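Dear colleague,

I am passing the structure below on to you, together with some notes on what turned up when I went through it. Please read the notes with the coordinates open beside them.

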Amino acid sequence: MSKAAKGPGKRGRKDNDSDAGTDDPGTVGTFETLRDEAEHFVHVKLYEKAIESFTKALDMKPDDKTCLVIRSKCYLMLGNAEKALADAEAALSQDDDGKKDIRALNMKAEALYQKGDFENALVFYHRGNKLRPELQEFRLGIQKCEESIDNSIGDPAAVHLEAKGDLSSFYKQNENLQNKKKQQKGYTKVNQPKKEEKKERQRPQDSSKSKTTKELLGQLYQDKEFLEKLFDSLSNNGNKTDDFIKGRACDGLEYLNSRSDFWRQQKPMYARMRDQKKAGGKGSAGNQGGDGMKYVLAKLEEIDEAQAEGRYQDSLDKCKLTIKRVEKMPEESLKNKPSVLANLYSAMGNAYLEQGKYTQALDWHNKDLDLAKENHLDEAESRALDNLGRTHAKMGQYQEAVDIWKCKLPQSKTPLESTWLYHEIGRCYLELGNNKEAKEYGEKSLTSAQEADDAGWQLHARVLIAQSEVKCEELEAASDSFTLALELAEQQNDKAAQNAIKKALQDVNDKIVERDGQGDSEEDQQKTSEETKDSDHEKGDSEKEDRESPKGHDHKKEGKGHKENV
């Protein structure tokens, strides 16, 4: 059985998960393989590798909106807001009939927000909220954009202008401007602009105090100090090399200054002090919570990195230490404590699964499921059911895997997620020898794939149906199903899939010819036996006549002799 897919957008399928042939199941679905590989990299937070795989997949199918949207998210995670915005706009440009892709709309708003364009980001968050008001992402986006705008320009309600004090200077300035306008009458010759001399770039100056900048930049402040010292150490003798280095140092300093300005606008120091005052002295508890959350996030990232590199024992050791630390933390300092523990339990189960220790993997995935049900964590519950089904399938307990995945079916949110669930259940039934059920779930998977308009999963479903029909000895139907699968592979220009399906189709056709040949030979043998019986019967009659004929002749001869004697 192929390894269970990890779901659409979140979980990917590996290269050996394709089911296009009976001999080499990893040869079908090159585009799907690249896309699912990229989604796996996103899941383990290897965003640069994910971008490489998405780029290769988009070279094969440039109009795939899913790849564009998730690659945009990867660019955002790496801080490249420009490319993220380009991918989001490319995905939105492909919408037909004015229907906007919600994911692309959210990514465009996030990219604009990260660029510091809070007003335009707010516009797109409002558009998304109008289309899908039930989604929390757009509500949170509207809130954070409004807060950033208020923090950067201040609350207009708090500003009260009053006409007090000595305003004579303003009146004098107004009179001087009016006198100048009266004096400027007639034609005045415009001076020719002088050629501007090439000015040497000066070191960019920060608009805030060094202490504030240090708090905003954090570890990047050391880089800023290094670039400033490097700039000051270079001479102004016109050396091209020195000028080039000074130019790059200026670029770096300008970038760091723009980042500090952005962070200051997003949450300036006075806004932080104001929030602390409103909290009523609860700032210390918030800092402890932030530190606890930073520790947890850092450990989770280390665990994911260890599993991605195949260091499963190291991952287990880190998980055990982190679980002990998290269990001791109060809920005040770690508000989403159940969700964190569920993630750690899941990581423990996955590490044991990769090591082949299936019993321990089942124990930890069951803990993950129980914790998710107790705290109503829908996403964690769906993940735990997925992992439990995958573990049972690895152990060869296909019926248990079917039962668990059927429990996950009602939680399916998209047709694409239903597609791979139906497909994996069908594969389990095929392993159990329940060929009719395997064909039934293969047809359900095909229907969901057509609803999701996913050609790759339509190909997988067609192949599963064909394999089930071969097992049911419905050879003509299997030949038709493989032919349709071959057409899908040709539409996707997948040479490996075409070769695998052609081989399977040839095997089915050979079986049909062999079966028809056996039927003809049995009919020929039956006709030959009937003809042999008829010939034996005729031969027996002739022998009987031959035996009777001499006796009659002798009797006549004797009678004639007797008459002659008389």
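Two rings of Phe, Tyr or Trp (for Trp, the six-membered ring) are taken as a pair if their centres lie within 6.5 Å, and such a pair is called tilted when its planes are neither under 30 degrees apart, which would be stacked, nor over 60, which would be edge-to-face. In this predicted model, Tyr422, Tyr429 and Tyr441 form one aromatic cluster in that sense, and a search of the whole structure gives four aromatic pairs. For Tyr422 and Tyr441 the ring centres are 6.0 Å apart and the planes stand at 45°, so this pair is tilted. It links distant parts of the chain, since Tyr422 belongs to helix H19 (residues 415-432) and Tyr441 to helix H20 (residues 435-452), with their positions 19 residues apart. Both Tyr422 and Tyr441 are buried. Tyr429 and Tyr441 make a tilted pair as well, at 5.6 Å centre to centre and with 35° between the planes; because Tyr429 lies in helix H19 and Tyr441 in helix H20, this pair ties together parts that are 12 residues apart in sequence. Tyr429, like Tyr441, is buried.

Rings also take part in two charge contacts that you may wish to look at. The charged end of Arg248 sits over the ring of Phe244, at 4.7 Å from its centre, and the charged end of Lys367 sits over the ring of Trp364, at 4.1 Å from its centre.

As for the nonpolar interior, the largest core has 41 residues, of which Val42, Phe54, Cys74 and Tyr125 touch the most other members. The elements that contribute two or more residues to this core are H1 (30-43), H2 (47-60), H3 (65-77), H4 (81-92), H5 (102-115), H6 (118-131) and H7 (136-153), and H5 gives the most, with eight residues. Leaving aside residues up to four places away in sequence, Val42 touches Tyr47, Ala50, Phe54, Ile70 and Cys74. Apart from this core lies another, of 24 residues, which includes Leu334, Leu344, Tyr352 and Ala380.

Finally, there is a polar residue to consider, Asn387, which is found in helix H17 (residues 378-394). With a relative accessible area of 5%, Asn387 falls under the 20% cut-off and is therefore buried. Its side chain makes a polar contact of 3.4 Å with that of Ser346 and another, of 3.1 Å, with that of Arg390. Beyond residues up to four places away in sequence, Asn387 touches Ser346, Asn350 and His365.

With best regards

Definitions and conventions
Residues numbered from 1 in each chain as written. Predicted model: local features only at pLDDT ≥ 70, side-chain atom pairs only at ≥ 80, totals over all residues. Heavy atoms only, no water. Core = buried A, V, L, I, M, F, W, Y, C linked by side-chain atoms within 4.5 Å. Buried < 20%, exposed > 50% of the residue type's maximum accessible area, 1.4 Å probe, protein only. Helix = DSSP H or I, 4+ residues; strand = E, 2+ residues; numbered from the N terminus. Contact = heavy atoms within 4.5 Å. Lys NZ or Arg CZ within 6 Å of the ring centre and 35° of its normal. Polar contact = N/O pair within 3.5 Å; in protein donor to acceptor, adjacent residues only side chain to side chain.
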